[in-house]
Every structure is written in structure tokens, then in C-alpha cells.
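Biologist: Pick one strand in the middle of this fold and walk me through its surroundings in detail. I'd like the cut-offs as you go.

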Amino acid sequence: MAVLSANEPVVTTPPANLRCEEVVYARPQALTDVYTHYCPGCTHGIAHRLVAEVIDELGIREDTILVASVGCSVFAYNYFEVDSCEAAHGRAPAMATGVKRVHPGKIVFTYQGDGDLASIGMGEIMHVAARGEKITTIFINNAVYGMTGGQMAPTSLPGQVTTSSPFGRDLRMCGAPVRMAELLAQMDGTAYAVRRSLHDARHIIQAKKAVRTAFEAQVKGLGFSVVELLSTCPTNWGMTAADSLNWVRDSMIPTYPLGDYKVAPELAPSRK
């Protein structure tokens, strides 16, 4: 195998008796040539690539602004080759609102985890949706506070063991998990709210289509758009990478059903 520079595809050269070449990997222009800090088996990296591929395919990289959150994705601005800024914990939607209003011609998106968006940032995300701010949110739901040690999050499953719920999440004491896609879909200003998963290839393909549609909603000026992505956290779940993918499939999806919870008519596929 001949390995080219980091800015070029990695190409596998077949035996001399074959006349073909296979491109194994090509980095999207919207991703930087930087190793991420994510744990092995974490699917944040997959989410990053999907977003970057969509930005490239839509040809909006020079006009895109990322508002990074606090959490495992706190260094997201190092990984996307777009203009970026960092928000205080939970305040990414509020900052994105200001950025979009100052630069209405730009494509503005936030990249947030469940602790950032569904806990301390709940007020910000709900009012952004209520106002119909023309921004896009990529919401990573891994059912735990990943960066701070694996504490229970608003999205932790019933009975889920975390560092702050060692006997499992008790619904009588802590309430039920918050289903953000469904909640945000109820707001009048939301144009697109869906949930997808990153646990296998088929669902990753579906997730990319949803991310593209969310950005298209902003390009068309339809209102707020959000894609919730079920993601893994093998480190804090105490699982292998393979087991964590199965846990998303077997445990998370029953609690967080995949689907389209709101799709503006302008985004619906043509039925002609």
C-alpha cells in the first residue's frame, strides 16, 4: 500500500495482474487534518464526517459558521475547516442566534451533546425553536455526561447505571428521559426535527441524509432545524466499542425511537 500525504487519498495498489485502484479514504475539505481527542469507539468522529461531507456537497464551506459547545465536542472548532466560535456551556443556540442575525447570509450550525443541550441549555434551545431562528443544530445523544466523568444526563435511560446513579436511574426520583426531537418538533418555529442513529452502516447513511436535509432547511430559510443522533460512549458506559454499538440498537432505540418528528412541506420528498 502506498500512503500519500495527509491531504490526499490513501490508495491501495492491487497486484500487478489486476488493473484497478481502490480509493480507501479521502478527507472532506470541511474537515481539518487533525487527530481528534475522542475515545476509541466513540461515534462523534462519524458525526463530524457526515456534517463535513454535507457541507462540501452543498458547496457552503466558505459561508458556514460553527458554534461549538461545552462537552466532549468542546474542541470541535479544531476539527471543522470552517469559521468557528466557542460558546459557554449550553449557550450555543443563543450565540448562534446572534451570529445568524448579524450574518443572515451565512449558514450557522451548533454541535451539542445531551448535557449541553438538554440540561443547562434547555432554555436556549427551546426559545430558538420557538422563534424559528434559521440555524441548524446537530444534537449528539449518548445518554451520559461524557466529558465530566459519566454522570447521569437528562437523556440517561431508566435504570441506567452512571457515576451519579450507581443503582440505576430511578424514575420516581429523577423523572423520565427527555426526548428532545419530539419536544422540539412541537415548537411552531421548527421546520425539521428528526432522530437518527450511528450504530451501523445503514443507519449512518440515513443519518447523513437527515443532516443534509437539515442544512437544506436553513439554506431555504424555513426555520429551525435539528438532527438528533444516537451515539456511543463506550468509555463511560464501561463497554467495548462493539458492545456499545449493540447497546444503542438494543437499549437506546426503544427509548428513543428513530423517525421524522417534523418535516416542513418544502422538505418533503416529491410524490409525483
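**A close look at β6**

Modeller: Let's start with one rung of the ladder: Gln112 has Phe139 of β6 as its bridge partner. Before going on, the small print: this is a predicted model, where local features need pLDDT of at least 70 and side-chain atom pairs count only at pLDDT 80 or more, while totals for chains, interfaces and linings use all residues. Residues are numbered from 1 along each chain as its sequence is written, and side-chain values use heavy atoms, with hydrogens and water left out.

That rung belongs to the pairing of β5 (residues 107-113) with β6 (residues 136-141), which is parallel and spans five bridges. Strands pair if DSSP finds at least two bridges between them; strands (E, at least two residues) and helices (H or I, at least four) are DSSP runs numbered from the N terminus. On the same stretch, Thr136 of β6 has Phe109 opposite it. β6 is also parallel to β8, to which six bridges join it, and there Ile140 faces Leu229 of β8.

Zooming out, the strands form an open, seven-stranded sheet with mixed pairing, in the order β4-β3-β5-β6-β8-β7-β9. The edge strands are β4 (83-86) and β9 (259-263), each with a single partner, so one side of each has no neighbour in the sheet. On average, neighbouring strands are turned by 15° against each other, direction ignored.

Now for how covered β6 is. Six of its six residues are buried, meaning under 20% relative accessible area with a 1.4 Å probe and protein chains only (over 50% is exposed, in between is partly exposed). In a regular strand, side chains alternate between the two faces of the sheet. Here both faces are covered: Thr136, Ile138 and Ile140 are buried on one side, and Thr137, Phe139 and Asn141 on the other.

Thr137 deserves a pause. This β6 residue counts as buried because its relative accessibility is 0%. Setting aside residues up to four places away in sequence, Thr137 touches Thr110, Gln112, Leu117, Ile125, Phe224, Ser225, Val226 and Val227. Contact means heavy atoms within 4.5 Å.

What packs on the sheet around β6? Helix α1 (residues 44-58) touches β3 (64-68), β5, β6 and β8 (224-230), and its direction makes about 170° with that of β5. Helix α7 (residues 201-219) lies across β5, β6, β7 (190-197) and β8, running at about 165° to β7. Axes are lines fitted to C-alpha atoms (for helices, over the stretch in contact), and angles run from 0 to 180 degrees between N-to-C directions.

These two helices also meet each other. The α1 and α7 axes come within 9 Å and cross at roughly 50°. That makes α1 oblique to α7, oblique being what is left after roughly parallel (under 35 degrees), roughly antiparallel (over 145) and roughly perpendicular (65 to 115). From α1, Ile46, Leu50, Val51, Glu53, Val54, Glu57 and Leu58 meet Ile204, Ala207, Lys208, Val211, Arg212, Phe215 and Glu216 of α7.

Next, the nonpolar cores, which are sets of buried Ala, Val, Leu, Ile, Met, Phe, Trp, Tyr and Cys residues joined through side-chain atoms within 4.5 Å. The largest has 34 residues, and Val51, Phe80, Phe109, Ile138, Phe215, Val227 and Leu229 touch the most other members. Two or more of its residues come from each of α1, β3, β5, β6, β7, α7 and β8, with α7 giving the largest share, seven residues. A second, separate core of 21 residues includes Ile65, Ala92, Phe139 and Val226, so to come back to our opening rung, Phe139 is the bridge partner of Gln112 and a member of that second core.

One last stop is the loop between β6 and α5 (171-174), where Ala143 is found. Ala143 isn't a glycine, yet has a positive phi of about 65°. Ala143 also counts as buried, because its relative accessibility is 0%.

For context, the protein chain has nine helices and nine strands, and 49% of its 272 residues count as buried.
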